[in-house]
Amino acid sequence: MYKKLWCFVILASIGLGASAQSQRTLSVDLGGTLTSFQDNKFSQVRFRGAGGAFAIGYQRQNPQALWSARLQILAGSESAATHDQGIATTINPRVELRYLRKVKENLFLGAQWDVMDFYNKQFDGLGNNSNYYLTGSNLFASGVYEWNKFRFGLDVGVLAYAKEGTGFAFSAPQSATENGEFDYLDDALINPFRLKHGKITGFGPNLHLRTNIQYQLSDRWNLVYQWNFRRYVQVPGYAAYMGYNMLNVRFDIRDKNKEGK
Amino acid sequence: MKTNKLILLTLALAWMFTSCERVFMAPNPGTDSVAVFDEYATLVKEKYAMLEFKAVDIDVLADSIRATITENTSPEELFEKVGTITLRLKDGHTVLIEDQQKSNSLFAFFDLEAGYAPAFDGDILVNNYIGKSVNRGMKTLDGGEGEGFRAVWGTLTQDTEIGYLWFPSWDISMEDSELETIFSDLKDTKGLIVDQRQNGGGDPALATKVAAYFTDATISTGYERFKTGPGPNDFTDSPLSLEPVNSENRYLKPVAVLTDRLVYSASTTFLYSVDPLSQVFTLGQRSGGGSGSVADGYLANGWYWSMSTSEFIDAKGRHLDDGVDADIPVALDLGDMTQDELIERAIQELQ
């Protein structure tokens, strides 16, 4: 009974501490992207293009910690740098959670978890290789530094569970063919949402970087720039690269300050 | 901070990080003649799965052709030189196309039927065996390529105890319930002709599903050997087996599978799936083969390529990509439009 009482006291203290001087923000982002892609397993030709971005997020911040949840959706098209065949259409929804602790004045460190990151690309004019996807869940070491009206963020990928739709020689995950598990009747070979045939990869084979710069234009309006870059390697020497530069306008729908409640 | 300075800072950062991407990414490949040729030759060397089986020394072949490419080589001449590699592989899945959007595009592909007499005639088939005017009992599933059929099945008027089943293509969708209907209709026959002629492939999963009706036990059908890396010996084998369908309508009586040169790709999947079954035999012409899985893409200059990046080796250890002779070779006599010699021989064998 005393254990339960102590748990209640501790949790209540955290809740009270969180609600004391905490800022909660619901925001909507709208903007555009410049994107790039290259899958060296099949071609060194780079793809470049542009698209749109939409995100909705919730953030809660107090003097000790910051946590957020966010849904972001990118969509766009790309063309090849050296020819006019095979326009690529991309959709990239992502759900992310983040928790940071204050370590010193204006500096927060912690982790970000992409609960689900689905990157899907469709190429015109191709058959079995018309679809490329890289789907999974990513864990980042994350930091935020606040300075005046700026907020600078950096995320470095440390671990990922990823499933890539193309292997070295076929439109099936490399692990399936490497492990002798290829079977046309296996739905998991083509279904990006089935966990089977995915791999856990760390920093190195999965180099994943994100930078964020947010500038507060006014009480509710912000300008947000994000750079996201990923190099994913299943076969040494044949990496897939994908990246975007995103510029969004962010509007805070609700911004509450709670003091000593 | 003033707005214009903010915009400049954002643009500078975007440029800087975009430049960072370029540092990581491989440079774009060249589009000059030698670069395009080498790109294709490298793709074949690293990804084509049957260089040894096809007896192609890609280094020797590429070196001999590259020596003839100069700065004066026209795009048409270059296509012919690159296409020499394509044709040398003698593989119906390995194709080179200049521009898929152009009606008069240059293309290089292996002609499966070259040197073979036709083993199928649609008029003979329809006018004597499956047409509504000669066989009212024949059923069809609509929705095939163009205005064709997905499946044709029934019993033959020549022998009402012999069933006939034709899938013109595996590039279709078919519900499990539709397959159940087909095999339910055929289950009381004493023998079945499965006509695979002209079926150039499609969905190997569907071909395997149909094959699963012909066994009541799990059988090993062979293995698919995939290219898993760039080295000449970078292969991994995926063993495959045929599981019986969970159905009361399995067909375990004698089956004659009719083949011609266009029996290819997923149709070869069907053939190797049923080959181990003692009650199944093939009849007709050497099949076209095409046992490998296919990858495709574009070269740096936009030419489309496809190639086999795996091959299938069946339960008897046979390489299937060049096709397999029928158990009972039978030729079609186009001089006699009143009968299909392959069907007639199949009826005899199924007595």
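A polar contact is a pair of N or O atoms within 3.5 Å; within protein, one must be able to donate a hydrogen and the other to accept it. I needed that before counting anything between the chains. I also noted that this model is predicted.

**Entry: chain A against chain B**

I looked up the polar contacts first. Between chain A and chain B there are 20 residue pairs in polar contact, both residues at pLDDT 80 or more. I then checked salt bridges and found 0 between the two chains.

Next I asked which elements of chain A supply at least two residues each to the side that touches chain B. They are strands E1 (22-39), E9 (206-216), E10 (221-232) and E11 (240-258), plus helix H2 (174-178). E11(A) gives the largest share, 5 residues. I sorted that side of chain A by class: 26 residues are nonpolar, 19 polar and 7 charged.

How many residues does each chain put into the contact? I found 52 from chain A and 52 from chain B. The two chains bury about 4400 Å² between them, and 61% of that lies on carbon and sulfur atoms. In chain A, Arg46(A), Gln85(A) and Tyr184(A) lose the most area to chain B, together 15% of what that side buries.

**Entry: two helices in chain B**

I turned to H2(B), residues 33-47, and H3(B), residues 58-66. Their axes come within 10 Å and cross at roughly 170°. Angles over 145 degrees count as roughly antiparallel, so H2(B) and H3(B) are roughly antiparallel to each other. I listed the residues in contact: Phe37(B) and Ala41(B) are among those of H2(B), and Ala62(B) and Ile65(B) among those of H3(B). By class, this contact has 7 nonpolar, no polar and 4 charged residues.

How values were computed: Residues are numbered from 1 along each chain as its sequence is written. Chains are lettered from A and ligands numbered from 1 in the order in which they are written. This is a predicted model: local features need pLDDT of at least 70, side-chain atom pairs count only at pLDDT 80 or more; totals for chains, interfaces and linings use all residues. Side-chain values use heavy atoms; hydrogens and water are left out. Axes are lines fitted to C-alpha atoms, for helices over the stretch in contact, and angles run from 0 to 180 degrees between N-to-C directions. Helices (H or I, at least four residues) and strands (E, at least two) are DSSP runs, numbered from the N terminus. Angles under 35 degrees count as roughly parallel, over 145 as roughly antiparallel, 65 to 115 as roughly perpendicular and the rest as oblique. Contact means heavy atoms within 4.5 Å. Ala, Val, Leu, Ile, Met, Phe, Trp, Tyr, Cys and Pro count as nonpolar, Asp, Glu, Lys and Arg as charged, and the others, Gly among them, as polar. Buried area is the accessible area (1.4 Å probe) that two parts lose on being put together, summed over both. A salt bridge is a side-chain nitrogen of Lys or Arg within 4 Å of a carboxyl oxygen of Asp or Glu. A polar contact is a pair of N or O atoms within 3.5 Å; within protein, one must be able to donate a hydrogen and the other to accept it, and residues adjacent in sequence count only if both atoms are side-chain atoms.
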